[in-house]
Amino acid sequence: METFLNKKSVRDALGVGNIEFVSCSPTVYQAMLVDWMRNLEVGIPALLEDGIKLLVYAGEYDLICNWLGNSRWVHAMQWSGRKEFVASPEVPFVVDGSEAGVLKTHGPLGFLKVHDAGHMVPMDQPKAALEMLKRWTKGSLAEGGKVEKLFAEM
């Protein structure tokens, strides 16, 4: 990744000039310390109430931000759609005909556990990560999983 991102052609395309990419930058780490262990979840319910879409995703093998802990806080979060979100079914997140994860959605909130991925989902599962981002930005996150067909078969 570092070799690719430090190619002159890639740096030129990104418009970053001669700034060298470092995967674990001490400069970035120091700048983000002000957010370390800060509970940002408290502001999320207001965003959901305003209809702002939120997708929380985690790799199933992530030891840093494990999927189970993320799932639990998402399920416990207090907002008007909580009950419906908790009751909503988990459906396969399908990419190119294969299950790439498990998805749960209701209203503006989605939670995706990505299979065979750790902390760096886009690096571990680039195709699934790109498809996730494309579908989420288009508002069609569940469409690739043929949710309608799945319910018809139940």
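In this predicted model, strand β1 gives 4 residues to the lining of the largest pocket, the largest share from any helix or strand. The elements that each supply at least two residues of this lining are α3 (26–32), β1 (54–59) and α5 (67–76).

The largest pocket holds about 1,300 Å³ of space. Its lining is made up of 32 residues, and those closest to the pocket centre are Met32, Trp36, Ile64, Cys65 and His119.

The chain is divided into two parts, domain 1 (1–38) and domain 2 (39–138). Their centres, taken over C-alpha atoms, are separated by 25 Å. The largest pocket lies between domain 1 and domain 2 because both give residues to its lining.

The second largest pocket has about 200 Å³ of space. Among the residues that line it are Lys53, Leu54, Thr105 and Trp136. The lining also includes Gly107, Pro108, Leu109 and Gly110, as well as Gly139, Ser140, Leu141 and Ala142.

The table sets out the two pockets by volume and by the class of their lining residues.

| Pocket | Volume | Nonpolar | Polar | Charged |
|---|---|---|---|---|
| Largest pocket | about 1,300 Å³ | 19 residues | 9 residues | 4 residues |
| Second largest pocket | about 200 Å³ | 6 residues | 5 residues | 1 residue |

In the largest pocket, then, the lining has 19 nonpolar residues beside 9 polar and 4 charged ones. For the second largest pocket the lining has 6 nonpolar and 5 polar residues, with 1 charged residue.

Notes:
Residues are numbered from 1 along each chain as its sequence is written. This is a predicted model: local features need pLDDT of at least 70, side-chain atom pairs count only at pLDDT 80 or more; totals for chains, interfaces and linings use all residues. Side-chain values use heavy atoms; hydrogens and water are left out. On a 1 Å grid over the protein atoms alone, a cavity is a set of points where a 1.4 Å probe fits but cannot get out, and a pocket is an open set with protein on both sides within 12 Å along at least five of seven lines; lining residues have an atom within 4 Å of a point. Grid points are joined across faces, edges and corners, and a volume is the space filled by probe spheres set on the points. Ala, Val, Leu, Ile, Met, Phe, Trp, Tyr, Cys and Pro count as nonpolar, Asp, Glu, Lys and Arg as charged, and the others, Gly among them, as polar. Domain bounds come from an automatic or database domain assignment.
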